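Q: Could you walk me through the charged side chains in this protein, and how they pair up or fail to? I'm new to this, so please take it slowly.

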Amino acid sequence: MTDSKKRRVLVPIADGTEEIEAVCIIDVLRRAGAEVIVASVGDLQITASRGVKLVADCQIEDCRDDHFDLIALPGGIPGAEHLRDSSPLIQLLRQHQAHGGWYGAICAAPAVVLSHHGLLGGRQATGHPSFTEQLTDGEPVAARVVVDGQCVTSQGPGTALEFALTLVTLLYDDAKAREIAAPMLMA
């Protein structure tokens with residue numbers, strides 16, 4: 001049975017973020033009832049990888065003292081590179097991982113951000129096929145979504161809904177994920 005605790009989720013974005021991934025994560029988790037904070041590592045309004053404008057709720061620096069149940073990174077290039085280069089975000093990720101919190105990344109972000117900063121720690125992980133050889137801190141797996149410990153990774157835009165529903169399952173349960181998937185015609 002799903003408990004009623006509201007989950008807090010951080011979704012960092014940057015210029016060049018893959019919009020399908022960012023919006024799927026944000027939308028699906030909000031449908032599940034999570035409080036999703038969208039934080040930019042640059043300006044509040046970003047231009048995503050295909051020219052879509054997205055507006056963040058705040059800047060990443062504003063989240064330093066906040067608690068999150070999950071930090072989920074969209075991919076995209078150069079978006080993932082901007083996330084990789086954000087010291088406040090990497091500090092948040094390190095603290096979150098050290099406290100056993102859920103964290104995830106999709107597309108380029110597992111390699112460009114997590115592996116680059118040693119945040120996979122030998123775990124199995126997946127990512128966009130053009131980046132899997134850069135998963136030097138983890139064990140590459142050819143799967144759409146991989147959950148290993150508290151880390152969740154996924155391949156790219158075509159797996160974004162599956163990734164987001166997996167996050168719902170982990171934060172809530174299977175019943176909540178099915179409840180969200182059914183009206184989206186994913187069930």
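A: Let's start with a term we'll need: a residue is called buried when its relative accessible area is under 20%, exposed when that value is over 50%, and partly exposed in between. Keep in mind, too, that this is a predicted model.

Let's use that scale straight away. Arg144 has a relative accessibility of 41%, so it counts as partly exposed. Its side chain meets the side chain of Glu162 in a salt bridge, with 2.7 Å from N to O. This pair links distant parts of the chain: Arg144 sits in the loop between β9 (139-140) and β10 (145-148), while Glu162 belongs to helix α5 (residues 160-171), 18 residues apart. Glu162 comes out as partly exposed as well, because its relative accessibility is 31%. As a bit of background, side chains of opposite charge can pair when their charged atoms come close.

How many salt bridges does the structure hold? There are six of them, and two others are worth a visit.

Head over to helix α1, which covers residues 19-31. Here Arg31 forms a salt bridge with Asp27, and their closest N and O atoms are 2.5 Å apart. Both residues lie in this helix, four residues apart, or about one turn. How open are they? Arg31 is partly exposed at 47% relative accessible area, and Asp27 is also in the partly exposed range, at 31%.

Now jump to helix α6 (residues 174-181), where Glu179 and Lys176 are three residues apart, so about one helical turn separates them. These two form a salt bridge as well, with the closest N and O atoms 3.5 Å apart. The cut-off for a salt bridge is 4 Å, so this pair makes it. Glu179 is partly exposed, with a relative accessible area of 48%. Lys176, however, has a relative accessibility of 13%, so it falls under the 20% limit and counts as buried.

What about a charged residue without a partner? Go back to helix α1 and find Glu21. Glu21 is buried yet has no salt bridge. The nearest side chain of opposite charge belongs to Arg50, and it is 8.3 Å away. A salt bridge needs a nitrogen and an oxygen within 4 Å, so that gap rules the pair out.

So who does Glu21 touch? Setting aside neighbours within four places in sequence, Glu21 is in contact with several residues, including Pro74, Gly75, Gly76, Ile106, Gly156, Pro157 and Ala160. Cys107 is another of these contacts, and it deserves a closer look. Cys107 sits in the loop between β7 (102-106) and α4 (109-115). With a relative accessible area of 9%, Cys107 is buried. Its phi is near 70°, a positive value in a residue other than glycine. For comparison, most residues other than glycine have a negative phi, and most peptide bonds are trans.

That background helps with two more spots. Leu185, in the segment after α6, also has a positive phi, near 60°. Unlike buried Cys107, Leu185 is exposed, with a relative accessible area of 74%. Then there's the peptide bond from Ile77 to Pro78, which is cis, with omega near 15°. You'll find Pro78 in the loop between β6 (70-73) and α2 (79-84).

One more acidic residue before we zoom out: Asp173, in the loop between α5 and α6. Asp173 counts as buried, because its relative accessibility is 16%. Its C-alpha atom is separated by 32 Å from that of Lys53, and the two residues are 120 apart along the chain.

Finally, here's the backdrop for all these charges. The protein has six helices and 11 strands. Its radius of gyration is 15 Å, close to the 16 Å that the globule rule gives for 187 residues, so it is as compact as a globular protein of that length. Of those 187 residues, 52% count as buried. Among contacts with a separation of 6 or more, 64% come from residues 24 or more positions apart. The protein exposes about 8200 Å², with carbon and sulfur atoms supplying 49% of that. As for the charges overall, there are 15 positive and 24 negative ones, and their mean positions are 4 Å apart.

Conventions. Residues are numbered from 1 along each chain as its sequence is written. This is a predicted model: local features need pLDDT of at least 70, side-chain atom pairs count only at pLDDT 80 or more; totals for chains, interfaces and linings use all residues. Side-chain values use heavy atoms; hydrogens and water are left out. Helices (H or I, at least four residues) and strands (E, at least two) are DSSP runs, numbered from the N terminus. Buried means under 20% relative accessible area, exposed over 50%, partly exposed in between (1.4 Å probe, protein chains only). Lys and Arg count as positive and Asp and Glu as negative; His and the chain ends are not counted. Contact means heavy atoms within 4.5 Å. The radius of gyration is taken over C-alpha atoms; the globule rule is 2.2 Å times the number of residues to the power 0.38. Accessible areas come from the Shrake-Rupley method with a 1.4 Å probe; for residues, only the protein chains shown count as cover. The place of a charge is taken as NZ of Lys, CZ of Arg, CG of Asp or CD of Glu.
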